[in-house]
Amino acid sequence: MRDKSVPIKDKYMLTVKEATEYFNLGENKLRRIVEEHKGEPFIFYNGQRLLIKRKQFEKILDDIDTI
């Protein structure tokens, strides 16, 4: 059977675990950024599951000098 998983670099949305690996951030730091940016378009909830829109979050990080 073929593995149908999509590489993290190609995903539109990332789970918290994937985002911590991709952006090299700790989970607490990532959740704090999300908390500070409530209502921003990079945040997506599937029920209670937090997902991060990868490209939009990259733009947020590009604008931040220090986290």
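## The nonpolar core

Four residues stand out in the largest nonpolar core: of its 15 residues, Phe-23, Phe-42, Ile-52 and Phe-57 touch the most other members. Several elements build this core together, with α1, α2, β3 and α3 each supplying at least two residues. Please keep in mind as you explore that this is a predicted model.

Phe-23 is a good place to start. Leaving aside residues up to four places away in sequence, Phe-23 touches Leu-14, Arg-54, Phe-57, Glu-58 and Leu-61. One of these partners, Phe-57, is also among the core residues that touch the most other members.

## Helix α1 and its cover

Phe-23 also belongs to helix α1, which spans residues 16-23. Which residues of this helix are buried? They are Val-16, Glu-18, Ala-19, Thr-20 and Phe-23. The cover over these buried residues includes a strand on the N-terminal side, β1 (13-15), along with α2 (27-36), β3 (49-53) and α3 (54-63).

Just after the helix comes Asn-24, and its phi is positive, near 55 degrees.

## Glu-18, a buried acid

Among the buried residues of α1, Glu-18 carries a carboxyl group, and it has a salt-bridge partner: Lys-11, with the closest N and O atoms 2.4 Å apart. Are the two partners buried or exposed? Glu-18 counts as buried because its relative accessible area is 15%, under the 20% cut-off. Lys-11, at 23% relative accessibility, is partly exposed.

Lys-11 is not the end of the list of neighbours. Not counting residues up to four places away in sequence, Glu-18 touches Ile-8, Lys-11 and Met-13.

## Arg-54, a buried base

Over in helix α3 we find Arg-54. Its relative accessibility is 9%, so Arg-54 counts as buried. Its neighbours, again without residues up to four places away in sequence, are Ile-8, Lys-9, Asp-10, Lys-11, Tyr-12, Leu-14, Tyr-22 and Phe-23. That list brings back Phe-23, the core residue we began with, and Lys-11, the salt-bridge partner of Glu-18.

What does the side chain of Arg-54 meet at Lys-11? One of its polar atoms lies 2.8 Å from the backbone oxygen of Lys-11. Lys-11 therefore takes part in two interactions described here: a salt bridge with Glu-18 and, through its backbone oxygen, this approach to Arg-54.

Arg-54 has a salt bridge as well, formed with Glu-58, where the closest N and O atoms are 3.4 Å apart. Why can these two be placed about one helical turn from each other? They are 4 residues apart in helix α3, so about one helical turn separates them. Arg-54 is buried, whereas Glu-58, at 24% relative accessibility, is partly exposed. Glu-58 is also one of the residues that Phe-23 touches.

## A salt bridge along α2

A search of the whole structure finds 5 salt bridges, and one more of them is worth a visit. The side chains of Glu-27 and Arg-31 meet at 3.0 Å, N to O. Because these residues are 4 places apart in helix α2, about one helical turn lies between them.

Both partners are partly exposed here: Glu-27 has a relative accessible area of 43%, and Arg-31 has one of 39%.

Definitions and conventions
Residues are numbered from 1 along each chain as its sequence is written. This is a predicted model: local features need pLDDT of at least 70, side-chain atom pairs count only at pLDDT 80 or more; totals for chains, interfaces and linings use all residues. Side-chain values use heavy atoms; hydrogens and water are left out. Buried means under 20% relative accessible area, exposed over 50%, partly exposed in between (1.4 Å probe, protein chains only). Contact means heavy atoms within 4.5 Å. A nonpolar core is a set of buried Ala, Val, Leu, Ile, Met, Phe, Trp, Tyr and Cys residues joined through side-chain atoms within 4.5 Å. A salt bridge is a side-chain nitrogen of Lys or Arg within 4 Å of a carboxyl oxygen of Asp or Glu. A polar contact is a pair of N or O atoms within 3.5 Å; within protein, one must be able to donate a hydrogen and the other to accept it, and residues adjacent in sequence count only if both atoms are side-chain atoms.
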